[in-house]
Amino acid sequence: MAIRSVAETGSTNADVIALAAAGAAEGFWLRADRQTGGRGRQGRQWESPSGNLYASTLVRLRPTDPPAPTLGLMAAVALEETLAVFLGEGRATIKWPNDLLIDGAKLSGILLERSGYAVVIGFGVNLAHYPQGLERPATSLSAQGVAIEPQPFLEVLAEMVERWVRRWRDEGLPPVRERWLAHAHAKGSALNVRQSDGSMIEGLFDGLDHSGALILRLADGSRHVMHTGDVFLI
(Lines give C-alpha, C1' and ligand atoms only; values in the text may rest on other atoms or scores of the structure.)
Protein backbone atom coordinates (compact mmCIF):
# COMPACT_ATOMS: atom_id res chain seq x y z
CA MET A 1 0.00 0.00 0.00
CA ALA A 2 1.45 3.35 -1.07
CA ILE A 3 -0.13 6.81 -0.73
CA ARG A 4 0.88 9.74 -2.91
CA SER A 5 -0.48 13.22 -2.12
CA VAL A 6 -0.59 16.20 -4.49
CA ALA A 7 -1.81 19.76 -4.03
CA GLU A 8 -4.13 19.82 -7.04
CA THR A 9 -5.19 17.70 -9.99
CA GLY A 10 -8.10 17.43 -12.37
CA SER A 11 -9.41 14.08 -11.13
CA THR A 12 -7.70 11.50 -8.93
CA ASN A 13 -9.67 8.77 -10.71
CA ALA A 14 -8.41 9.87 -14.12
CA ASP A 15 -4.85 10.06 -12.80
CA VAL A 16 -4.97 6.57 -11.29
CA ILE A 17 -6.41 5.11 -14.49
CA ALA A 18 -3.41 6.55 -16.32
CA LEU A 19 -1.02 5.28 -13.65
CA ALA A 20 -2.61 1.82 -13.83
CA ALA A 21 -1.86 1.73 -17.56
CA ALA A 22 1.74 2.64 -16.69
CA GLY A 23 2.04 -0.30 -14.29
CA ALA A 24 0.97 1.02 -10.87
CA ALA A 25 0.48 -1.76 -8.33
CA GLU A 26 -2.75 -2.75 -6.64
CA GLY A 27 -3.21 -0.81 -3.42
CA PHE A 28 -1.72 2.41 -4.77
CA TRP A 29 -3.53 5.56 -3.57
CA LEU A 30 -3.54 9.10 -4.91
CA ARG A 31 -4.92 11.95 -2.78
CA ALA A 32 -5.37 15.56 -3.88
CA ASP A 33 -5.98 18.60 -1.70
CA ARG A 34 -8.17 19.95 -4.52
CA GLN A 35 -9.68 18.66 -7.75
CA THR A 36 -10.53 20.92 -10.65
CA GLY A 37 -12.52 18.28 -12.53
CA GLY A 38 -13.96 15.99 -9.87
CA ARG A 39 -16.88 13.82 -10.97
CA GLY A 40 -19.62 11.87 -9.27
CA ARG A 41 -21.84 9.18 -10.70
CA GLN A 42 -23.51 9.84 -14.06
CA GLY A 43 -20.92 12.52 -14.83
CA ARG A 44 -22.09 14.96 -12.15
CA GLN A 45 -19.61 17.59 -11.04
CA TRP A 46 -18.15 16.93 -7.58
CA GLU A 47 -17.29 20.12 -5.69
CA SER A 48 -13.76 19.91 -4.36
CA PRO A 49 -12.85 22.58 -1.77
CA SER A 50 -9.69 22.05 0.26
CA GLY A 51 -10.20 20.22 3.53
CA ASN A 52 -12.27 17.32 2.22
CA LEU A 53 -10.97 13.93 1.09
CA TYR A 54 -10.46 13.28 -2.63
CA ALA A 55 -8.62 10.02 -3.12
CA SER A 56 -8.55 7.05 -5.49
CA THR A 57 -7.10 3.56 -5.26
CA LEU A 58 -6.45 0.69 -7.64
CA VAL A 59 -7.66 -2.92 -7.67
CA ARG A 60 -6.28 -5.29 -10.30
CA LEU A 61 -8.85 -7.95 -11.13
CA ARG A 62 -7.93 -11.62 -11.04
CA PRO A 63 -9.76 -14.43 -12.88
CA THR A 64 -11.14 -15.87 -9.62
CA ASP A 65 -12.39 -12.55 -8.21
CA PRO A 66 -16.11 -11.89 -7.60
CA PRO A 67 -17.84 -9.69 -10.23
CA ALA A 68 -16.12 -6.30 -10.47
CA PRO A 69 -19.28 -4.21 -9.82
CA THR A 70 -19.51 -5.68 -6.31
CA LEU A 71 -16.39 -3.68 -5.44
CA GLY A 72 -18.83 -0.77 -5.04
CA LEU A 73 -20.48 -2.52 -2.09
CA MET A 74 -17.05 -3.42 -0.70
CA ALA A 75 -15.97 0.23 -0.88
CA ALA A 76 -19.09 1.35 0.98
CA VAL A 77 -18.46 -1.16 3.76
CA ALA A 78 -14.81 -0.11 4.08
CA LEU A 79 -15.79 3.56 4.28
CA GLU A 80 -18.56 2.86 6.79
CA GLU A 81 -16.06 1.08 9.06
CA THR A 82 -13.67 4.01 8.70
CA LEU A 83 -16.40 6.45 9.71
CA ALA A 84 -17.20 4.29 12.72
CA VAL A 85 -13.65 4.89 13.97
CA PHE A 86 -14.22 8.66 14.04
CA LEU A 87 -17.98 8.92 14.65
CA GLY A 88 -18.74 5.79 16.62
CA GLU A 89 -20.49 2.63 15.52
CA GLY A 90 -23.88 3.00 13.88
CA ARG A 91 -23.84 6.75 13.14
CA ALA A 92 -23.45 6.39 9.37
CA THR A 93 -25.85 4.42 7.21
CA ILE A 94 -25.37 3.09 3.69
CA LYS A 95 -27.73 3.92 0.82
CA TRP A 96 -27.57 1.71 -2.24
CA PRO A 97 -25.20 1.21 -3.77
CA ASN A 98 -22.48 3.06 -1.84
CA ASP A 99 -23.50 6.48 -0.50
CA LEU A 100 -22.89 7.11 3.20
CA LEU A 101 -25.50 9.17 5.08
CA ILE A 102 -25.77 10.68 8.54
CA ASP A 103 -29.36 11.33 9.63
CA GLY A 104 -30.39 11.18 5.96
CA ALA A 105 -27.79 13.73 4.78
CA LYS A 106 -25.15 12.67 2.27
CA LEU A 107 -21.59 12.57 3.59
CA SER A 108 -19.69 10.97 0.72
CA GLY A 109 -19.65 9.63 -2.79
CA ILE A 110 -17.84 6.66 -4.33
CA LEU A 111 -17.12 6.34 -8.05
CA LEU A 112 -15.82 3.16 -9.71
CA GLU A 113 -14.24 3.24 -13.14
CA ARG A 114 -12.76 0.30 -15.04
CA SER A 115 -10.04 0.08 -17.66
CA GLY A 116 -9.33 -3.51 -18.71
CA TYR A 117 -8.45 -5.47 -15.60
CA ALA A 118 -7.86 -2.32 -13.54
CA VAL A 119 -10.67 -0.93 -11.37
CA VAL A 120 -10.19 2.52 -9.86
CA ILE A 121 -12.26 3.36 -6.77
CA GLY A 122 -12.59 7.06 -6.04
CA PHE A 123 -13.70 8.38 -2.65
CA GLY A 124 -15.02 11.86 -1.97
CA VAL A 125 -15.76 12.46 1.71
CA ASN A 126 -17.02 15.73 3.20
CA LEU A 127 -14.65 16.20 6.09
CA ALA A 128 -14.60 19.99 6.54
CA HIS A 129 -17.20 21.28 4.04
CA TYR A 130 -20.41 20.19 2.36
CA PRO A 131 -22.34 21.60 -0.61
CA GLN A 132 -25.51 23.63 -0.15
CA GLY A 133 -28.63 23.90 -2.29
CA LEU A 134 -28.66 20.37 -3.68
CA GLU A 135 -31.74 18.27 -4.38
CA ARG A 136 -30.90 16.24 -1.27
CA PRO A 137 -29.33 17.33 2.05
CA ALA A 138 -25.60 16.96 2.67
CA THR A 139 -23.35 17.09 5.72
CA SER A 140 -19.71 16.85 6.79
CA LEU A 141 -17.77 15.33 9.64
CA SER A 142 -17.03 18.86 10.86
CA ALA A 143 -20.77 19.58 11.01
CA GLN A 144 -21.09 16.43 13.12
CA GLY A 145 -18.50 17.70 15.59
CA VAL A 146 -15.54 15.68 14.27
CA ALA A 147 -12.39 17.52 13.14
CA ILE A 148 -10.08 15.36 11.03
CA GLU A 149 -7.54 16.18 8.33
CA PRO A 150 -7.66 14.29 5.00
CA GLN A 151 -4.32 12.48 5.35
CA PRO A 152 -4.94 10.72 8.70
CA PHE A 153 -8.49 9.91 7.59
CA LEU A 154 -7.11 8.33 4.41
CA GLU A 155 -4.56 6.29 6.33
CA VAL A 156 -7.39 4.58 8.23
CA LEU A 157 -9.51 4.21 5.08
CA ALA A 158 -6.62 2.63 3.16
CA GLU A 159 -6.19 0.00 5.87
CA MET A 160 -9.93 -0.77 5.82
CA VAL A 161 -10.02 -1.03 2.03
CA GLU A 162 -7.00 -3.34 2.01
CA ARG A 163 -8.66 -5.62 4.54
CA TRP A 164 -12.02 -5.67 2.77
CA VAL A 165 -10.48 -6.27 -0.67
CA ARG A 166 -8.78 -9.32 0.84
CA ARG A 167 -12.06 -10.60 2.27
CA TRP A 168 -13.94 -9.85 -0.96
CA ARG A 169 -11.30 -11.79 -2.88
CA ASP A 170 -10.92 -14.72 -0.44
CA GLU A 171 -14.49 -15.11 0.87
CA GLY A 172 -16.59 -13.66 -1.93
CA LEU A 173 -19.55 -11.30 -1.62
CA PRO A 174 -21.39 -12.84 1.40
CA PRO A 175 -19.40 -11.08 4.19
CA VAL A 176 -19.52 -7.79 2.29
CA ARG A 177 -23.26 -8.13 1.74
CA GLU A 178 -23.81 -9.04 5.40
CA ARG A 179 -21.96 -5.97 6.68
CA TRP A 180 -23.64 -3.77 4.07
CA LEU A 181 -27.14 -4.88 5.12
CA ALA A 182 -26.31 -4.51 8.82
CA HIS A 183 -25.49 -0.83 8.27
CA ALA A 184 -28.00 0.13 5.59
CA HIS A 185 -31.22 2.04 6.16
CA ALA A 186 -33.97 -0.16 7.59
CA LYS A 187 -35.76 -2.77 5.55
CA GLY A 188 -39.12 -1.31 4.53
CA SER A 189 -37.70 2.19 3.99
CA ALA A 190 -39.57 4.03 1.24
CA LEU A 191 -37.40 4.71 -1.81
CA ASN A 192 -37.69 6.56 -5.09
CA VAL A 193 -35.34 5.29 -7.78
CA ARG A 194 -34.50 7.28 -10.88
CA GLN A 195 -33.85 4.79 -13.66
CA SER A 196 -31.34 5.20 -16.48
CA ASP A 197 -34.09 6.44 -18.84
CA GLY A 198 -35.07 9.17 -16.35
CA SER A 199 -38.30 7.52 -15.18
CA MET A 200 -39.00 7.07 -11.48
CA ILE A 201 -40.07 3.95 -9.65
CA GLU A 202 -41.21 3.89 -6.03
CA GLY A 203 -41.14 1.03 -3.57
CA LEU A 204 -39.94 -0.26 -0.22
CA PHE A 205 -36.39 -1.39 0.42
CA ASP A 206 -36.43 -5.19 0.57
CA GLY A 207 -32.72 -5.98 0.79
CA LEU A 208 -30.14 -7.09 -1.75
CA ASP A 209 -30.15 -10.14 -3.94
CA HIS A 210 -27.22 -12.57 -4.04
CA SER A 211 -25.39 -10.35 -6.57
CA GLY A 212 -25.81 -7.13 -4.56
CA ALA A 213 -28.64 -5.74 -6.70
CA LEU A 214 -31.32 -3.62 -4.98
CA ILE A 215 -34.67 -5.29 -4.30
CA LEU A 216 -37.74 -3.04 -4.23
CA ARG A 217 -41.12 -4.21 -2.92
CA LEU A 218 -43.71 -2.51 -5.14
CA ALA A 219 -47.23 -1.43 -4.17
CA ASP A 220 -48.74 -4.55 -5.72
CA GLY A 221 -46.52 -6.75 -3.56
CA SER A 222 -44.20 -7.80 -6.35
CA ARG A 223 -40.41 -7.59 -6.04
CA HIS A 224 -38.39 -5.56 -8.54
CA VAL A 225 -34.64 -6.16 -8.82
CA MET A 226 -32.55 -3.14 -9.86
CA HIS A 227 -28.91 -3.25 -11.00
CA THR A 228 -28.63 0.48 -11.73
CA GLY A 229 -30.43 3.62 -10.59
CA ASP A 230 -30.19 6.75 -8.47
CA VAL A 231 -31.83 6.13 -5.09
CA PHE A 232 -33.66 8.71 -2.96
CA LEU A 233 -34.96 8.05 0.54
CA ILE A 234 -38.53 9.34 0.86
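Contact here means heavy atoms within 4.5 Å, a cut-off worth keeping in mind for the views that follow. The model is a predicted one.

**View 1. W180 and the residues around it.** Leaving out residues up to four places away in sequence, W180 touches L73, A76, V77, I94, K95, W96, P97, F205 and L208. Take a moment to find P97 and W96 in this list, as both return in View 3. W180 also belongs to the largest nonpolar core, where it is among the residues with the most contacts, together with M74 and F123.

**View 2. The nonpolar cores.** The largest nonpolar core counts 54 residues. Helix α2, spanning residues 71-87, gives the most to this core, with ten residues. A second core, separate from that one, has eight residues, including V16, A24, F28 and L30.

**View 3. The open sheet β4-β5-β6 and its cis peptide bond.** Three strands make up this open sheet, in the order β4-β5-β6, with antiparallel pairing. Its edge strands are β4 (92-95) and β6 (105-106), each of which pairs on one side only. Four bridges link β4 with β5 (residues 99-102), and T93 stands opposite L101 in β5. P97 lies in the loop between β4 and β5. The peptide bond leading from W96 to P97 is cis, and its omega is near 0°. For comparison, most peptide bonds are trans.

**View 4. D103, a residue with positive phi.** Here we move to the loop between β5 and β6, which holds D103. What is the sign of phi at D103? Phi is positive, about 50°, although D103 is not a glycine. Most residues other than glycine have a negative phi. Is D103 buried or exposed? D103 is exposed, with a relative accessible area of 71%.

**View 5. Strands β9 and β10 with their hairpin.** Strand β9 (residues 190-194) and strand β10 (residues 200-208) run antiparallel and are joined by five bridges. R194 faces M200 of β10 as its opposite number. The hairpin has five residues between the strands, and G198 adopts a positive phi near 95° there.

**View 6. From β10 through β11 to β12.** β10 also runs antiparallel to β11 (residues 214-217), with three bridges between them. L204 has R217 in β11 as its bridge partner. Five residues lie between the strands in this hairpin, where G212 has a positive phi near 95°. Strand β12 (residues 223-226) is joined to β11 by four bridges, again in an antiparallel arrangement. One bridge pair to look for is I215 with V225 in β12. In the hairpin of β11 and β12, with five residues between the strands, G221 takes a positive phi near 90°.

**View 7. D209, a buried acid without a salt bridge.** D209 sits in the loop between β10 and β11. What is the nearest side chain of opposite charge to D209? That side chain is R177, at 6.1 Å. A salt bridge would require a side-chain nitrogen of Lys or Arg within 4 Å of a carboxyl oxygen, so D209 is buried yet has no salt bridge. The D209 side chain does reach the backbone nitrogen of A213, at 2.9 Å. Setting aside neighbours within four places in sequence, D209 is in contact with R177, I215, V225 and H227. Readers coming from View 6 will recognise I215 and V225 as bridge partners.

How values were computed. Residues are numbered from 1 along each chain as its sequence is written. This is a predicted model: local features need pLDDT of at least 70, side-chain atom pairs count only at pLDDT 80 or more; totals for chains, interfaces and linings use all residues. Side-chain values use heavy atoms; hydrogens and water are left out. Two strands pair if DSSP finds at least two bridges between them. Helices (H or I, at least four residues) and strands (E, at least two) are DSSP runs, numbered from the N terminus. Buried means under 20% relative accessible area, exposed over 50%, partly exposed in between (1.4 Å probe, protein chains only). Lys and Arg count as positive and Asp and Glu as negative; His and the chain ends are not counted. A polar contact is a pair of N or O atoms within 3.5 Å; within protein, one must be able to donate a hydrogen and the other to accept it, and residues adjacent in sequence count only if both atoms are side-chain atoms. A nonpolar core is a set of buried Ala, Val, Leu, Ile, Met, Phe, Trp, Tyr and Cys residues joined through side-chain atoms within 4.5 Å.
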